[in-house]
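Please open the model in your viewer and keep the sequence panel beside it, since each stop on this tour begins with a selection.

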Amino acid sequence: MKERHLGRSGLLVSRLGLGTMTWGQDTDPDEAAAQLAAFAEAGGTLVDTADVYADGASEQILGHLLRETVDRDGLVIATKAAIRPNGRYDGSRRHLLRALDASLDRLDLDHVDLWQLHVYDPATPLEETLSALDEAVASGRTRYVGVSNYAGWQVSKAAAWQRAWPGRAPIVSAQLEYSLLRRDIEREVVPAVLDAGAGLLPWSPLGRGVLTGKYRTGIPAGSRAAAPHFAEFVQPYLDEECARIVESVVTAAEGLGRSPLAVALAWVRDREGVAAPIVGARTAAQLTAILDSEDLTLPNEIRGALDDVSDTSSAP
């Protein structure tokens, strides 16, 4: 798998990242082990988790696998903090540094490679929140820092604050939802991320699974949309506008002799500023299908057609 620099930093990451949000919830430890082994064997390096994924079980499973399944030194481990278990946002220095220490305990690591603020907390002064990033880097608990789910002005403000004084940890990543069904970040967030010199890490690059085409004729049993805890997550992308975009992806895939998944993923992977889409899978078989997209580069004509058909998407 090819690698890219994360923004203007020196950190190299594989141009696909492995998401672990379902680990410990819909994905059991054995399936997670198969996924991580397949990902590493394919040359993948970036593995993304968060302290709230499955109430910490995702980090625990990953920590075990780093000891038993793969070489930790060959991976770039990223985690996130700023959401309490009860769902409340908390960007206080106290909470963030305690959360990072708890993540390191679950991962059984002395440091992570990338630590990101999971959300923006409007109740905490941003300078306090960012001071936790500086402390985390200065203490060696992380090598790089970034943000997630920030609006454009929030990215710009955080990046400018970090650049304003020598020694502050620069913002090197911004993790955001981005796909053919979710392009609204191109208006303000993407320009802010590019100006900040950060790298985009799109989550849900397959439109919450809808861009695979699996929902074209209904909701299959066993799919995420059929699961009570995921149904509301998928539902916004099952409207007529999104269906029109999906049909265009399917048409492009048929013309190329590839899967809709591969076409949709290649589109977002090669957008300006993108370092690595974060892909998640419930099974190793699903992950293998995702990894098979690595060699696909969309012809300019198809890329342009997909740009045109999706630029008026009203998906939230």
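In which sense do strand 7 and strand 8 pair, and over how many bridges? Select strand 8 (residues 171-177) together with strand 7 in this predicted model, and you will find that the two pair in the parallel sense over three bridges. To place the pairing at the level of residues, pick Val-145, whose bridge partner in strand 8 is Ile-171. Now add helix 5 (residues 152-163) to the selection, which with strand 7 and strand 8 makes a right-handed β-α-β unit.

Next, keep strand 7 displayed and select strand 6 (residues 112-117), which runs parallel to strand 7 and is joined to it by five bridges; one pair to look for is Val-112 with its bridge partner Thr-142 in strand 7. Between these strands the chain passes through helix 4 (residues 126-138), and this β-α-β crossover is right-handed.

Stay with strand 7 (residues 142-148) for a moment and display its surroundings: five of its seven residues are buried, so the strand is largely enclosed by the rest of the structure.

Then turn to the nonpolar interior. The largest nonpolar core has 88 residues, of which Leu-36, Ile-77, Trp-115 and Leu-306 touch the most other members. Helix 9 (residues 260-269) gives the most to this core, with eight residues. Centre the view on Leu-36 and, leaving aside residues up to four places away in sequence, show its contacts, which are Leu-18, Trp-23, Val-47, Leu-62, Leu-65, Val-70 and Leu-75.

Finish at a second, separate core of 12 residues, where you can select Val-76, Ala-78, Leu-201 and Ile-278 among its members.

Definitions and conventions
Residues are numbered from 1 along each chain as its sequence is written. This is a predicted model: local features need pLDDT of at least 70, side-chain atom pairs count only at pLDDT 80 or more; totals for chains, interfaces and linings use all residues. Side-chain values use heavy atoms; hydrogens and water are left out. Buried means under 20% relative accessible area, exposed over 50%, partly exposed in between (1.4 Å probe, protein chains only). Helices (H or I, at least four residues) and strands (E, at least two) are DSSP runs, numbered from the N terminus. Two strands pair if DSSP finds at least two bridges between them. A crossover is right-handed if, with the strands pointing away from the viewer, the path from the first strand over the helix to the second runs clockwise. A nonpolar core is a set of buried Ala, Val, Leu, Ile, Met, Phe, Trp, Tyr and Cys residues joined through side-chain atoms within 4.5 Å. Contact means heavy atoms within 4.5 Å.
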